[in-house]
Amino acid sequence: MLIHYNLQEYNYISSKRIAYFYSLKPQPHQFTIVVRNVPISSGSTFSESVGNFFRENYPSTYLSHCVVRRTNKIQELIADADKLYRKLVHLKSTKHTQQRFGRTGFLGLFGRRVDLLDHHEKKLENVEVNLRREQSLIAGKEVPAAFVSFKSRFGAAIALHIRQGLDPTQWVTEPAPEPRDVHWPFFSSSFLKRWISNLVVFVACFVLTVLFLIPVVVVQGLTHLDQLETWFPFLSGILNITVVSQVITGYFPSLILKLFLSFVPPIMITLSTIQGYIALSQIQKSACAKVLLFTIWNIFFANVLSGSALYQVNVFLEPKEIPAVLASAVPGQASFFIAYIVTSGWTSTSSELFQMSTLIFSFIKRTFCGESGDKFEVPSIPYHSEIPRILFFGLLGITYFFLAPLILPFLLVYYCLGYIIYRNQLLNVYSSKYETGGKFWPIVHNSTVFSLVLMHIIAIGIFGLKKLPLASSLIVPLPVGTFLFHSYCRKRFLPIFQDYSAESLIKKDRQDENEPTMADFCDKLVTAYEDPALMPIQHSENSDSLNSPLLHAA
């Protein structure tokens, strides 16, 4: 039944993705590809190389290109200018002249005492001078990457999926993200640098996984009073108190695990960022997969096996023993995971309404950094932390529904709360930084299939422990059928989430031929992928020093 529902859902999401594509107006990323590792000949620039190559090889479909420039320093100067501007606005809006005077050191506690208004105005003037100096030098800071735009979606798709040069490490193409979705810093990274970065990230994830076993072992020690008394014999008197023992064994373990796990999503975002992705959506999708794998291994398997098989590595070398080990270890952790659902699920979902971390961070910035609270950046939904949590609770429900049915009401409350609260957050609080187009759904499908297979393996082990070989034999076809179903879905639906078909692209292009706005769209497409650091910024203030724009035009 669950497989049939998953098939219907995959089909529904796929059809919605195609319908979403047909309903869109022409978007710049549909007509554009990214070209990296552009070779350069002597006496020419990267821009000339890109233009000559695509004019020669795609004369009927090529439209324009925009070469990426190294603007890291300009972006830092823009951030400094914005920060100074907000401080000036805050100082000019205050009614207390005493607040205009302060120290220039760390958090306003150290350094000499000055008039902060004059001090920040002078600093802003210096930043503007440095910006104009960097602006004059930016033309020669091209990197071997460019956004290449075409006259049709089909023309862009042809260039995307055909190897451009004899050397496969040159003229590397990939789909262009939305202009607002572009992550600029890593366009300058070479093929070798990105390969090394991926290797470093893999090692870092492995080290983080191993280090996380330390709090897992501590948490499992708290769930067993006898083990805790062995570690700390002087606490035996306190541990015999009923209330204390119930709090320590029931609430503290899941709370400690949640605190440690809260550091994982930011770390995974950082690791995904240094892999060389060019889009924020790609970074979040990669981090989402990392956090999900990390959660399943460290929260489920490490907690389940820590008391029985964590130190018996030979278990993993004997696949026949895995079902029996899981069948004996998983049921004993039901009470722990119920407490974890309450601690990590109910409280985290409810805290979404209050946004306490955002409120506290904003208060600290206004109090200690002297920044105005007028400018507020609307947050976007953290897919990389929320999707793994939802899928992990789904795994718990699938694996425990026949072992400990008491977990189901707690999961039902969590999903009902999540539906109500996140629906409100998505409609009224969060602002989308990019359109996903359903690209996260394959992660949901893969997690569901894994949960089903894991449930089948545990069921085989349970019947084996109960000396019911016939029942175990009858369950064996279920994981085989689940894998066949997964293979079918990968061939039937997954390509829809990777690329659009030629039929869809050509149909959409023909619809746009009669659109009178296409000529204007093509004119805007030429400049759609200019680096925001090269755009003019105007700070409107009465002071003459703030009237001049921060000029970033190329």
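## A first look at a helix-rich chain

The protein chain has 25 helices and six strands. The model you are viewing is predicted. Of the 554 residues in the protein chain, 44% count as buried. The chain exposes about 29600 Å², and carbon and sulfur atoms supply 64% of that area. Take the contacts between residues at least 6 apart in sequence: 80% of them join residues at least 24 apart.

### Inside the chain

Let's start with the nonpolar cores. Which residues touch the most other members of the largest nonpolar core? Among its 63 residues, they are Met268, Phe300, Phe337, Phe392, Leu396 and Tyr400. Helix 13, which spans residues 280–305, gives this core its largest share, 12 residues. Another core, of 17 residues, lies apart from it and includes Val35, Phe54, Ala146 and Phe150.

Try finding Leu396 in the picture. Setting aside neighbours within four places in sequence, Leu396 is in contact with Phe300, Phe337, Ile341, Ile407 and Leu411.

### Two residues to compare

Now look at two single residues, Thr295 and Ser47. Is Thr295 buried or exposed? Thr295 counts as buried because its relative accessibility is 5%, and buried means under 20%. Ser47, at 24% relative accessibility, counts as partly exposed.

| Residue | Place | Relative accessibility | Contacts beyond four places in sequence |
|---|---|---|---|
| Thr295 | helix 13 | 5% | Leu261, Phe300 and Phe392 |
| Ser47 | helix 2 (residues 46–57) | 24% | His65, Val67 and Glu142 |

Two of the contacts of Thr295, Phe300 and Phe392, are also listed among the residues that touch the most other members of the largest core. As for Ser47, this residue and Cys66 are 19 residues apart in sequence, and their C-alpha atoms are 7.6 Å apart in space.

### A pair of packed helices

Two packed helices are described by the angle between their axes and the distance between the axes. Here, helix 19 (residues 441–465) and helix 21 (residues 477–492) pack at an angle of about 170°, with their axes 9 Å apart. Angles over 145 degrees count as roughly antiparallel, so helix 19 is roughly antiparallel to helix 21.

Which residues in helix 19 meet helix 21? They are His445, Asn446, Val449, Leu452, Val453 and His456. On the side of helix 21, the partners are Leu478, Pro479, Thr482, Phe483, Phe485, His486 and Cys489. By class, this contact has eight nonpolar and five polar residues, with no charged ones.

Terms used
Residues numbered from 1 in each chain as written. Predicted model: local features only at pLDDT ≥ 70, side-chain atom pairs only at ≥ 80, totals over all residues. Heavy atoms only, no water. Core = buried A, V, L, I, M, F, W, Y, C linked by side-chain atoms within 4.5 Å. Buried < 20%, exposed > 50% of the residue type's maximum accessible area, 1.4 Å probe, protein only. Helix = DSSP H or I, 4+ residues; strand = E, 2+ residues; numbered from the N terminus. Contact = heavy atoms within 4.5 Å. Areas by Shrake-Rupley, 256 points an atom, 1.4 Å probe, with all protein chains shown as cover. Axes fitted to C-alpha atoms, helices over the stretch in contact; angles between N-to-C directions. Parallel < 35°, antiparallel > 145°, perpendicular 65-115°, else oblique. Nonpolar A, V, L, I, M, F, W, Y, C, P; charged D, E, K, R; others polar.
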